[in-house]
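Subject: A structure to look through

Dear colleague,

I am passing on a structure for you to open and turn around at your own pace. Please have it in view while you read the notes underneath.

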Protein chains: 2
Amino acid sequence: MHIAIIGAAGMVGRKLAEKLVADGRLGDQQITRFSLLDVIPADAPAGFTGQVDSHAADLSDPAVSKALVDARPDVIFHLAAIVSGEAEADFDKGYRINLDGTRYLFDAIRLASADGYKPRVIFTSSIATFGAPLPDRISDDFHTTPLTSYGTQKAIGELLLSDYSRRGFFDGLAIRLPTVCIRPGKPNLAASGFFSSILREPLVGKEAVLPVTDGVRHWHVSPRSAVGFLIHGATLDLDKVGPRRALSMPGVSATVGEQIEALRRVAGDAAVALIKRVPDEGIQRMVGNWAPGFNAERATALGFKAEQTFDEIIRVHIEDELGGTLSAWQ
Amino acid sequence: MHIAIIGAAGMVGRKLAEKLVADGRLGDQQITRFSLLDVIPADAPAGFTGQVDSHAADLSDPAVSKALVDARPDVIFHLAAIVSGEAEADFDKGYRINLDGTRYLFDAIRLASADGYKPRVIFTSSIATFGAPLPDRISDDFHTTPLTSYGTQKAIGELLLSDYSRRGFFDGLAIRLPTVCIRPGKPNLAASGFFSSILREPLVGKEAVLPVTDGVRHWHVSPRSAVGFLIHGATLDLDKVGPRRALSMPGVSATVGEQIEALRRVAGDAAVALIKRVPDEGIQRMVGNWAPGFNAERATALGFKAEQTFDEIIRVHIEDELGGTLSAWQ
């Protein structure tokens with residue numbers, strides 16, 4: 001089986017490739033080849049002995065998608081996107097990559113479908129397709145009214161994917177990822193970064209800044225579960241999904257205060273004491289409009305699984321990123 | 001005031017121009033100029049003494065939208081579309097006109113907005129943005145999961161319009177029109193044609209074919225009210241609408257049986273006797289997936305008005321198309 005990952009150098013893309021290599025197979029088929037695409041060269045996944053083609057290019061050139069599709073991958077994970085902040089700051093770039101790029105990919109597959117080619121396409125959408133005012137638990141039939149260009153581009157990608165799937169050009173599924181938490185790596189400037197850093201940094205004895213109040217509620221899933229969603233989506237019987245191909249994923253709805261109490265239970269008061277409160281009205285206002293939670297009934301019934309508590313999300317991070325134990329500083 | 005109508009040669013476009021000329025003004029501003037665009041040349045509206053520029057061209061050429069926008073119309077009614085059946089039969093044409101064409105228009109305005117240009121844009125969307133299974137009354141926060149490429153293209157147009165409006169490029173509003181009934185003119189091959197023809201033809205003593213069962217329920221509005229929606233949308237205070245710029249319009253939810261009983265009340269048993277039942281399983285299946293009704297709470301609160309009963313819809317047709325009285329045959 002030949003698997004393509006677009007956005008392979010990103011955090012989720014790398015973890016997806018690692019997991020696929022560790023499994024050796026997708027569903028009941030052995031993985032023999034990877035095509036990796038990103039704007040920077042993605043490393044070949046460690047331990048894989050099959051063919052790996054890694055391309056550094058972006059989707060705004062239709063020839064890039066055509067070349068990828070010419071290699072006839074069986075499954076295409078489309079994770080690439082200009083992220084929310086950048087798509088808002090650079091209108092043209094966001095639409096060029098997130099909308100045009102996605103459409104070039106879908107159209108390259110459509111044109112190849114004339115030869116009977118019909119890959120599985122897993123597209124990472126986002127809870128940013130929803131915009132305030134929002135209920136505490138967003139139902140599966142709630143409308144997508146994004147309040148960012150990024151969310152708009154993702155919602156359009158969902159519509160295209162459902163229509164192209166309905167017409168038989170490919171077997172598509174759009175996975176609306178919750179905010180992925182705890183993101184490994186260094187603190188960054190993303191408005192959502194604090195959701196991870198207030199846990200990740202104290203877990204290794206470092207300070208972290210909290211810019212919002214404890215009452216902010218949001219929707220989270222671990223990187224491990226996010227990868228699990230993509231793999232489950234790639235092997236799922238799509239007849240059970242029907243024509244509505246965008247699914248809101250399960251996750252953990254937690255306030256910042258609940259995140260902090262989970263940290264206290266797992267790592268103690270000393271860890272919590274490392275969180276410095278530096279209120280930022282801009283970030284407070286922005287995240288106050290974000291999705292607080294979903295009921296995710298369809299995805300749950302289809303077998304998508306996430307953590308049940310924030311304690312679990314923290315423990316997954318300790319297992320996957322910290323070697324299974326907290327460091328000696330505690 | 002300079003008004004542009006894209007799709008000016010269509011039924012709604014012509015009636016819109018006639019109504020605007022009859023009013024002489026839009027809101028409190030006198031109309032001094034029309035720019036009319038369609039794939040066939042639109043006639044200048046009768047009785048208008050100002051400037052009329054009529055262009056025969058389609059939106060798949062970005063230069064067409066640029067030229068229209070270069071004339072800086074104050075209000076742009078974008079009614080043009082490849083209709084449902086054709087967009088389904090010709091994938092490329094539907095996407096080229098309904099998606100790319102709409103985006104070329106929006107982008108031409110966006111680029112002009114750098115000079116401070118900010119027109120009102122009224123975009124006719126459709127209840128085809130919704131796809132079965134549907135509740136009897138679709139609420140304003142129900143998701144758009146179209147089951148046609150046309151509905152997909154309209155839903156994407158709504159998303160683009162909301163995002164471009166949010167970013168300040170123009171003041172947009174998307175009007176989800178119910179099925180317009182009674183459409184004047186001759187019977188056509190559209191799957192929805194019978195909704196009009198089973199009333200229009202008997203009202204002038206002619207036979208009509210009914211391909212579905214009496215229980216089929218659908219959502220209707222008169223051509224007069226459809227034009228009223230567009231004009232109300234063009235003058236409405238958009239601050240009251242907020243960022244969710246697609247509105248489901250009010251209308252009359254009626255079964256085919258209820259339509260027929262309204263015809264009987266208005267025109268008698270002899271008219272009803274002209275309806276010939278010729279069941280068509282394909283049409284039955286198709287329209288069985290269409291929207292049965294909406295609650296349209298937002299639009300109603302914003303002052304959009306439709307008929308209350310099907311009797312009214314028939315009387316509007318008699319007034320607007322038949323000179324106010326039924327012909328002598330009765």
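The notes below go from the pair of chains to a helix pair, a single helix and a single residue.

Please keep in mind throughout that this is a predicted model.

**How the two chains meet**

Two copies of a chain are related by a rotation about an axis and a shift along it. Here, chain A is superposed on chain B by a rotation of 180 degrees with 0.0 Å of shift along the axis, and the RMSD is 0.0 Å. The two copies are thus related as by a two-fold rotation axis. If you would like to find that axis on your screen, look for His143(A), whose C-alpha is the nearest to it in chain A, at 1.9 Å.

As for the interface, 17 residues of chain A are in contact with 17 residues of chain B, and on the side of chain A that touches chain B these comprise 6 nonpolar, 7 polar and 4 charged residues. Of the interface residues of chain A, 100% are also interface residues in chain B, so the copies meet through the same surface.

**Two helices in chain B**

Within chain B, helix H4 (residues 91-112) and helix H5 (residues 149-166) have axes that come within 10 Å and cross at roughly 10 degrees. Because angles under 35 degrees count as roughly parallel, H4(B) is roughly parallel to H5(B). The residues of H4(B) that take part in this contact include Phe91(B), Tyr95(B) and Phe106(B), while those of H5(B) include Ser149(B), Ile156(B) and Tyr164(B). Sorted by type, the residues of this contact are 8 nonpolar, 6 polar and 2 charged.

**One helix in chain A**

Helix H7 of chain A (residues 223-235) has 13 residues and reaches 19 Å from its first C-alpha to its last, which is close to the 18 Å expected at 1.5 Å a residue. Among the buried residues of H7(A) are Pro223(A), Val227(A), Phe229(A) and Leu230(A).

**One residue to follow**

Is Ser149(A), which lies in helix H5 (residues 149-166) of chain A, buried or exposed? There are 27 other C-beta atoms within 10 Å, and 20 or more are enough for a residue to count as buried, so Ser149(A) is buried. Leaving aside residues up to four places away in sequence, Ser149(A) touches Ala87(A), Glu88(A), Phe91(A) and Gly94(A), and also Asp163(B). Arg176(A) is 27 residues from Ser149(A) along the chain, and the C-alpha atoms of the two are separated by 16 Å.

With best wishes

Conventions. Residues numbered from 1 in each chain as written. Chains lettered and ligands numbered in written order. Predicted model: local features only at pLDDT ≥ 70, side-chain atom pairs only at ≥ 80, totals over all residues. Contact = placed C-beta atoms within 7 Å. Nonpolar A, V, L, I, M, F, W, Y, C, P; charged D, E, K, R; others polar. Least-squares fit on C-alpha atoms with pLDDT ≥ 70 in both. Axes fitted to C-alpha atoms, helices over the stretch in contact; angles between N-to-C directions. Helix = DSSP H or I, 4+ residues; strand = E, 2+ residues; numbered from the N terminus. Parallel < 35°, antiparallel > 145°, perpendicular 65-115°, else oblique. Expected span 1.5 Å × (residues − 1). Buried ≥ 20, exposed ≤ 12 C-beta atoms within 10 Å, placed from the backbone.
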